Amino acid sequence: MTRLLTLREVTRMTAMSRSAVYALMAASRFPKPIRIGDRAVRWVEKEVLDFIASRPRGGSERPAA
């Protein structure tokens with residue numbers, strides 16, 4: 001079953017601010033939400049999890065300075 005996330009859940013899962021989420025969406029680098037009402041949107045959980053999994057991790061994967 002597809003779970004839909006609120007913006008609050010998305011920001012908690014990604015550790016990003018609301019403005020960061022919307023900035024990445026504007027740059028087509030974050031999943032777009034689906035409209036569920038006149039003033040309500042939700043994100044598909046799988047798409048958000050896929051975004052998180054695609055992010056580079058810290059530590060040894062960072063290029064040396």
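**Helix packing and loops in a small set of elements**

Of the 65 residues of the protein chain, 22% count as buried, where buried means under 20% relative accessible area, exposed over 50%, and partly exposed in between, with a 1.4 Å probe and protein chains only. The model is a predicted one, in which local features need pLDDT of at least 70, side-chain atom pairs count only at pLDDT 80 or more, and totals for chains, interfaces and linings use all residues. Residues are numbered from 1 along each chain as its sequence is written, and side-chain values use heavy atoms, with hydrogens and water left out.

The protein chain holds 3 helices and 3 strands, and from the N terminus on these elements run β-α-α-β-β-α. Helices (H or I, at least four residues) and strands (E, at least two) are DSSP runs, numbered from the N terminus. Among contacts with a separation of 6 or more, 40% are accounted for by residues 24 or more positions apart; contact here means heavy atoms within 4.5 Å.

A good place to begin is strand S1 (residues 4–5), which includes Leu-5. With a relative accessible area of 0%, Leu-5 is buried. Leaving aside residues up to four places away in sequence, Leu-5 touches Val-10, Met-13, Arg-42, Trp-43, Glu-45 and Val-48. One of these partners, Trp-43, is 38 residues from Leu-5 in sequence, yet the two are 5.0 Å apart in space, C-alpha to C-alpha.

Next comes helix H1 (residues 7–14), where Thr-11 has its place. Thr-11 counts as buried because its relative accessibility is 18%. A polar atom of the Thr-11 side chain lies 2.9 Å from the backbone oxygen of Arg-8. Beyond residues up to four places away in sequence, Thr-11 touches Met-16, Ser-17, Arg-18 and Val-21.

How do the helices pack together? H1 and helix H2 (residues 18–26) pack at an angle of about 90 degrees, with their axes 9 Å apart. Axes are lines fitted to C-alpha atoms, for helices over the stretch in contact, and angles run from 0 to 180 degrees between N-to-C directions. H1 and H2 are therefore roughly perpendicular to each other; angles under 35 degrees count as roughly parallel, over 145 as roughly antiparallel, 65 to 115 as roughly perpendicular and the rest as oblique. On the H1 side, Leu-7, Val-10 and Thr-11 meet Arg-18, Val-21 and Tyr-22 of H2.

Helix H3 (residues 45–54) offers another arrangement: the axes of H1 and H3 come within 11 Å and cross at roughly 20 degrees. This pair is therefore roughly parallel. The contact is made by Val-10, Met-13 and Thr-14 of H1 and by Val-48, Leu-49, Phe-51 and Ile-52 of H3. By class, the contact of H1 with H3 has 6 nonpolar, 1 polar and no charged residues. In this scheme Ala, Val, Leu, Ile, Met, Phe, Trp, Tyr, Cys and Pro count as nonpolar, Asp, Glu, Lys and Arg as charged, and the others, Gly among them, as polar.

The loops deserve a look as well. Most residues other than glycine have a negative phi. Ala-15, in the loop between H1 and H2, has a positive phi near 60 degrees, and Ala-15 is exposed, with a relative accessible area of 72%. Ser-28, in the loop between H2 and strand S2 (34–35), also has a positive phi, of about 60 degrees. Ser-28 counts as exposed at 60% relative accessibility.

Terms used: Polar contact = N/O pair within 3.5 Å; in protein donor to acceptor, adjacent residues only side chain to side chain.
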